[in-house]
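I opened this notebook to keep track of what I looked up, entry by entry, for someone who meets this structure for the first time.

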Amino acid sequence: MPAHLTVWYNTRCPVCDAGIDWQRNKLLALVRAGTIQFRDINEQPDALAHFGATLDDVRRRLHATDEAGQLIVGADVAVALWGLTPGEGRLAELFGNRVALPFTRFFYNRFADLLFAWNRRSGRW
């Protein structure tokens, strides 16, 4: 059985919401089994405050907690999801290996910053 993962994301971002909806549909069996949960940070804005994560932090980048209660952020969440998603294990291997992961994080963070700014300019929060 795969590890438990709770993914926090921002439904007010249309790109984020569509991406998570698409990913959740691919992981439907794990969602139904309770192995993976997807939660909207806008419904519980202080849910990750004990980690020092603000509402804007989660609006900017994916956040997740694993079965040990450890916080996972950004590209590392995407890699974890790919690793659990049928047919996407190769993406996790390709972008999550120790050589590629720093580049994956860099490009994820730049995209996340642009997306956050676009949403803010669009008045979504």
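The entries below go from confidence to the sheet, and then to the helices.

**Entry 1, confidence.** I began by reminding myself that this is a predicted model, and I looked up its scores before anything else. The chain has an average pLDDT of 95, and 98% of the residues score at least 70. Going through the elements, I found the lowest mean pLDDT, 93, in helix α2 (residues 28–32), while the highest, 98, belongs to strand β4 (residues 71–73).

**Entry 2, the sheet.** In which order do the strands of the sheet lie? I read the order as β2-β1-β3-β4, in an open sheet of four strands whose pairing is mixed. At the edges I noted β2 (36–40) and β4, each of which pairs on one side only. I also looked up the twist, and neighbouring strands of this sheet are turned against each other by 25° on average, with direction ignored.

**Entry 3, strand β3 and its partners.** I then followed β3 (residues 63–66), starting with its pairing to strand β1 (residues 5–9), to which four bridges join it in an antiparallel arrangement. Val7 has Ala64 of β3 as its bridge partner, and Ala64 in turn has a bridge partner in β4, namely Ile72. Between β3 and β4 I found three bridges, and these two strands also run antiparallel; here Thr65 stands opposite Leu71 of β4. The two strands form a hairpin with four residues between them, and in the turn I noted Gly69, whose phi is positive at about 80°.

**Entry 4, the faces of β3.** Are the residues on the two faces of β3 buried or exposed? I found both faces covered, since His63 and Thr65 are buried on one side and Ala64 and Asp66 are buried on the other.

**Entry 5, a helix on the sheet.** Returning to the sheet, whose order is β2-β1-β3-β4, I looked for a helix that packs on it and noted α1 (residues 14–26), which touches β1 and β2 and has a direction at about 155° to that of β1.

**Entry 6, two helices together.** Lastly I looked up how helix α4 (residues 75–84) meets helix α6 (residues 101–121), and I found that they pack at an angle of about 115°, with 9 Å between their axes. On the α4 side the contact involves Ala75, Asp76 and Val79, and on the α6 side Leu101, Thr104, Arg105 and Tyr108. Sorted by class, this contact holds four nonpolar residues, one polar residue and two charged ones.

Definitions and conventions. Residues numbered from 1 in each chain as written. Predicted model: local features only at pLDDT ≥ 70, side-chain atom pairs only at ≥ 80, totals over all residues. Heavy atoms only, no water. pLDDT = per-residue confidence, 0-100. Axes fitted to C-alpha atoms, helices over the stretch in contact; angles between N-to-C directions. Contact = heavy atoms within 4.5 Å. Nonpolar A, V, L, I, M, F, W, Y, C, P; charged D, E, K, R; others polar. Buried < 20%, exposed > 50% of the residue type's maximum accessible area, 1.4 Å probe, protein only. Pairing = 2+ DSSP bridges.
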